[in-house]
Amino acid sequence: MNYQEAISYLEGLKIFGIRLGLSRITRLLELLGEPQDRYRTIHVTGTNGKGSVSAMLEGILRRSGIHTGFYSSPHLVSYTERIRVDGQAISEQEFADGIALIREKAEQMVAEGDECPTQFEVLTALGFYYFAKCQVEYAVIEVGLGGTLDSTNVITPEVSVITNVTFEHADKLGGTISSIAENKAGIIKEGVPVVTAAADEPLAIIRKRAEEKNADIFVAGEDFASRFLSCDGRTQTLEFTSELLGVVKEPYELHLLGRHQVENSSLAVMTSMLLHNIDERITMTCVREALRLVSWPARFELIELAGQKVLIDGAHNPAGMRVLRDSLDDIFPAEPRVLLLGILKDKDIDAMLDILLRPTDTVVVTMPQSERADTADDLLRRVAPYVQHVEAFADNREALRRALELANKECLLVIAGSLYLVGGVRQMLLARKE
């Protein structure tokens with residue numbers, strides 16, 4: 001099997017859609033020899049921020065001299081981005097070889113009368129298998145959807161991290177904020193410490209689950225916190241404090257921008273301090289060095305292109321848009337903005353636009369590369385009441401060309417709305433930069 005054949009196989013699995021549950025992944029991993037049990041793990045879920053926190057933790061582990069795996073989703077451009085070892089994406093041939101093996105096991109399952117695994121289950125199994133093959137020491141595992149029945153929830157981690165809980169994927173997670181919180185709390189395991197930035201009702205639910213599982217819980221804003229000190233437009237200077245751990249005003253620099261990354265980084269620092277208790281290689285020095293360098297593409301990422309400032313952010317729900325808007329107002333308060341937007345039709349589009357847009361903004365709308373994409377014409381109709389000028393282009397390349405033209409190196413260009421848009425457009429920008 002070559003890479004394109006592997007992708008064709010994965011695309012074919014989309015007919016099974018999203019089917020939450022652990023029976024298929026459990027059997028598939030049994031047939032692969034339980035690879036997920038051959039290394040230590042950190043499990044990360046939450047509505048927003050889980051990718052950034054996972055990237056920070058992976059960077060900290062790697063900076064500590066630890067052989068590290070990283071499983072995340074979705075990808076921006078290539079499926080290979082989802083599975084990394086020591087910062088390097090799995091090669092296309094290793095990806096194809098792994099998929100070929102897992103396909104054999106999936107076909108064996110079907111022959112035995114089991115259901116065929118879903119696409120995400122096959123990818124998860126591939127990640128676990130590849131990490132075992134590479135003999136990683138630790139793997140940071142980002143949840144795909146929810147927690148309880150997500151296919152990653154077959155591991156017993158060293159620490160469980162729940163970034164926050166807001167209202168998203170309600171149709172798949174029970175329809176209420178409490179059911180969403182209960183689902184995310186489902187990653188909590190017996191005796192495994194929990195680090196969270198959840199608040200209000202979701203926090204109460206997570207506390208209750210932690211108590212039931214005899215798991216110590218560490219809450220942002222109560223047991224630890226990070227405080228913003230300054231930002232030079234490229235790096236934030238922050239300060240971590242935890243009276244519980246006897247840490248007073250520990251300064252560090254963070255390469256990731258945006259006010260949301262202040263709290264996200266506090267989760268990564270707190271988790272690292274807990275990991276230090278089982279592995280002395282993970283020190284505050286390693287934490288500081290890693291956070292000064294860590295990057296996470298398309299998450300409030302600033303790129304300069306021949307004098308044009310472009311801000312790329314995968315904000316794809318109202319909570320993400322609130323963070324994006326606040327961070328833009330904090331860091332670029334006076335700059336006029338041109339926005340390139342593409343949003344999926346199953347999102348709360350009007351709420352997202354109401355949060356993000358200013359009357360003085362200029363907007364170009366386009367379609368994300370997904371069957372769930374809202375049309376450019378419909379998005380134009382929705383955007384028009386909010387701003388002074390809006391144009392629509394179904395083609396992403398044309399939309400980017402026009403947005404750059406309108407920004408004209410005089411406005412900040414902001415690209416947002418869906419990872420299914422920003423990944424491809426980011427690739428186009430980087431190609432122009434070369």
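Reader: What makes you say that both faces of β14 are covered?

Author: In this predicted model, Arg-337, Leu-339 and Leu-341 on one side of β14 are buried, and so are Val-338 and Leu-340 on the other. Side chains in a regular strand alternate between the two faces of the sheet. With buried residues on either side, both faces of β14 count as covered.

Reader: And why is strand β14 called mostly covered?

Author: Buried means under 20% relative accessible area, and 5 of the 5 residues in β14 (residues 337-341) are buried.

Reader: How do you know that β14 pairs with β17 and with β15?

Author: Two strands pair if there are at least two bridges between them. β14 and β17 (residues 412-416) have 5 bridges, in the parallel sense, and 4 bridges join β14 to β15 (residues 362-365), also running parallel. Val-338 is a handy place to look: its bridge partner in β17 is Leu-413, while in β15 the partner is Thr-362. Between β14 and β15 comes helix α11 (residues 349-356), and the three make a right-handed β-α-β unit.

Reader: Let's turn to the open sheet. What makes β4 and β8 its edge strands?

Author: β4 (88-89) and β8 (217-219) each pair on one side only. You can follow this in the strand order, β4-β3-β2-β5-β1-β6-β7-β8, where the pairing is mixed.

Reader: How do you know that β2 and β5 are paired there?

Author: The cut-off is at least two bridges, and 4 bridges join β2 (residues 68-71) to β5 (residues 138-142), so they pair, and they run parallel. Phe-70 stands opposite Val-140 in β5.

Reader: What makes helices α7 and α8 part of this picture?

Author: Both pack on the sheet. Helix α7 (residues 200-212) touches β6 (159-162), β7 (194-196) and β8, and its direction makes about 160° with that of β8. Helix α8 (residues 260-276) touches β1 (40-45), β5, β6, β7 and β8, and its direction makes about 165° with that of β7.

Reader: Why is Glu-34 called partly exposed, but Phe-300 buried?

Author: Buried is under 20%, exposed is over 50%, and partly exposed is in between. Glu-34 has 29% relative accessibility, so it is partly exposed. Phe-300 has 2%, so it counts as buried.

Reader: What makes the backbone of these two residues worth a look?

Author: Most residues other than glycine have a negative phi. Glu-34, however, has a positive phi near 55°, and Phe-300 has a positive phi of about 45°. Glu-34 is in the loop between α2 (23-31) and β1, whereas Phe-300 lies in the loop between α9 and β12 (301-305).

Reader: How do you know that the peptide bond between Ser-73 and Pro-74 is cis?

Author: Its omega is about -10°, and the bond is cis. Most peptide bonds are trans. Pro-74 lies in the loop between β2 and β3 (83-85).

Reader: Which helix supplies the largest share of the lining of the second largest pocket?

Author: That is α3, with 5 residues. Both α3 (50-63) and α9 (284-293) supply at least two residues of the lining. The second largest pocket has a volume of about 310 Å³. Of the 14 residues that line it, the closest to its centre are Glu-58, Gly-59, Arg-62, Val-294 and Ser-295.

Notes
Residues numbered from 1 in each chain as written. Predicted model: local features only at pLDDT ≥ 70, side-chain atom pairs only at ≥ 80, totals over all residues. Heavy atoms only, no water. Contact = heavy atoms within 4.5 Å. Axes fitted to C-alpha atoms, helices over the stretch in contact; angles between N-to-C directions. Buried < 20%, exposed > 50% of the residue type's maximum accessible area, 1.4 Å probe, protein only. Right-handed = clockwise from strand over helix to strand, strands pointing away. 1 Å grid on protein atoms, 1.4 Å probe; cavity = no way out; pocket = protein on both sides within 12 Å on 5 of 7 lines; lining within 4 Å. Points joined across faces, edges and corners; volume = space filled by probe spheres on them.
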